[in-house]
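Trainee: I am new to this structure and would like to go through it step by step. Please show it to me before we begin.

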Amino acid sequence: CGEVDAAPRLSRMQNHTGEHIISGLAHRLFGCENRGFHMSENGDGTVQFVTVDTDRELTEEAICDIETAANESIMKNIPVVCRFPLTDELGSIAYRSKKALTGPVRLVGIDGVDLCACCAPHFGRTGSVGALRIIDSMRYKGGMRLTAVAGMSALRDERSKLGQLALISR
C-alpha cells in the first residue's frame, strides 16, 4: 500500500487547478491558446510556481483582468466536473485542448471558465485553490509566459516578498 504525501499533493492540485483557471480564462477572455505548462517544485515536492505559455501577447491590463477573473472564479467555488463523453458526443463539444486524442477522452470542466482534456487530479470545486497570483509575465515565442502561484504557494510567495517566510515554517 502506498501513502499520499499530503502537502505536495495539496500544492500540486491547487496549482494545477489554478493553471486550468488561468488557461481557460486567457482563452475565454482573449482567445489565447495554451502552448505549454510547467510546474516547478521546491525540494519538499510542494510547488514553487507554474508557468503557462500562450500563443499571443497580452497587455498588463489583460493579465490583471485574468488574475481578477481567476480569483472571482475561485471565490464562487464553482464545481470542477471531470467526465468521459462518448466518442460520438466528443465531436460536438467545444473544448480547448488536446483535440487530436483518440479513444476515451477525459474532459475537465469549470462552468464559465474552462473545458479541456486532462488526466491529472483536480479539486471538486474551485474554492479549494484558495487564491491565485500571476507573479510575472514576459514575451515568449510570439506569445506570453505567465508565471503564477496558487493556494499555499501564493501565501509562501507573498510572505517571502514581505520578509515573513519564517512565519510559515512554524
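Mentor: We start with a term: a crossing of two helices is left-handed if the near helix is turned anticlockwise from the far one by less than a right angle, and right-handed if clockwise. The model we apply it to is predicted.

Trainee: In which hand does H1 pass H2?

Mentor: Helices H1 and H2 pack with their axes 9 Å apart. With the clockwise turn counting as right-handed, the crossing in which H1 passes H2 is right-handed.

Trainee: Which word describes how H1 and H2 are set to each other, and why?

Mentor: Two packed helices are described by the angle between their axes and the distance between the axes. For H1 and H2 the angle is about 120°. Roughly perpendicular ends at 115 degrees and roughly antiparallel needs over 145. H1 and H2 are therefore oblique.

Trainee: How many residues of the contact of H1 with H2 are nonpolar?

Mentor: From H1 the contact takes in Ile-21, Ile-22, Leu-25, Ala-26, Leu-29 and Phe-30. H2 meets them with residues including Ala-62, Asp-65, Ile-66 and Ser-73. One residue of this contact is charged and one is polar, while the nonpolar ones number eleven.

Trainee: What distance separates the end C-alpha atoms of H1, and what span should its residues give?

Mentor: H1 covers residues 6-30, which makes 25 residues. At 1.5 Å a residue, they should span 36 Å. The end C-alpha atoms agree with this, being apart by 35 Å.

Trainee: Which residue follows H1, and what is its phi?

Mentor: The residue that follows H1 is Gly-31. Its phi is positive, near 70°.

Trainee: Which strands stand at the edges of the open sheet, and why?

Mentor: The sheet has four strands in the order S1-S2-S7-S6, with antiparallel pairing. An edge strand has a single partner strand, so one side of it is left without a neighbour in the sheet. The strands at the edges are S1 (34-41) and S6 (132-140).

Trainee: In S2, which residue is the bridge partner of Gly-36?

Mentor: S1 and S2 (residues 47-54) run antiparallel and are joined by seven bridges. In S2, the partner of Gly-36 is Asp-53.

Trainee: Which residue takes a positive phi in the hairpin of S6 and S7?

Mentor: S6 and S7 pair in the antiparallel sense over eight bridges, and Ile-134 stands opposite Ala-148 in S7. Their hairpin has two residues between the strands. The residue with a positive phi, near 50°, is Lys-141.

Trainee: At what angle does H2 run to S6?

Mentor: H2 (residues 60-75) lies across S6 and S7 (143-150). Its angle to S6 is about 150°.

Terms used. Residues are numbered from 1 along each chain as its sequence is written. This is a predicted model: local features need pLDDT of at least 70, side-chain atom pairs count only at pLDDT 80 or more; totals for chains, interfaces and linings use all residues. Side-chain values use heavy atoms; hydrogens and water are left out. Two strands pair if DSSP finds at least two bridges between them. Contact means heavy atoms within 4.5 Å. Axes are lines fitted to C-alpha atoms, for helices over the stretch in contact, and angles run from 0 to 180 degrees between N-to-C directions. The expected span of a helix is 1.5 Å times one less than its number of residues. Angles under 35 degrees count as roughly parallel, over 145 as roughly antiparallel, 65 to 115 as roughly perpendicular and the rest as oblique. Ala, Val, Leu, Ile, Met, Phe, Trp, Tyr, Cys and Pro count as nonpolar, Asp, Glu, Lys and Arg as charged, and the others, Gly among them, as polar.
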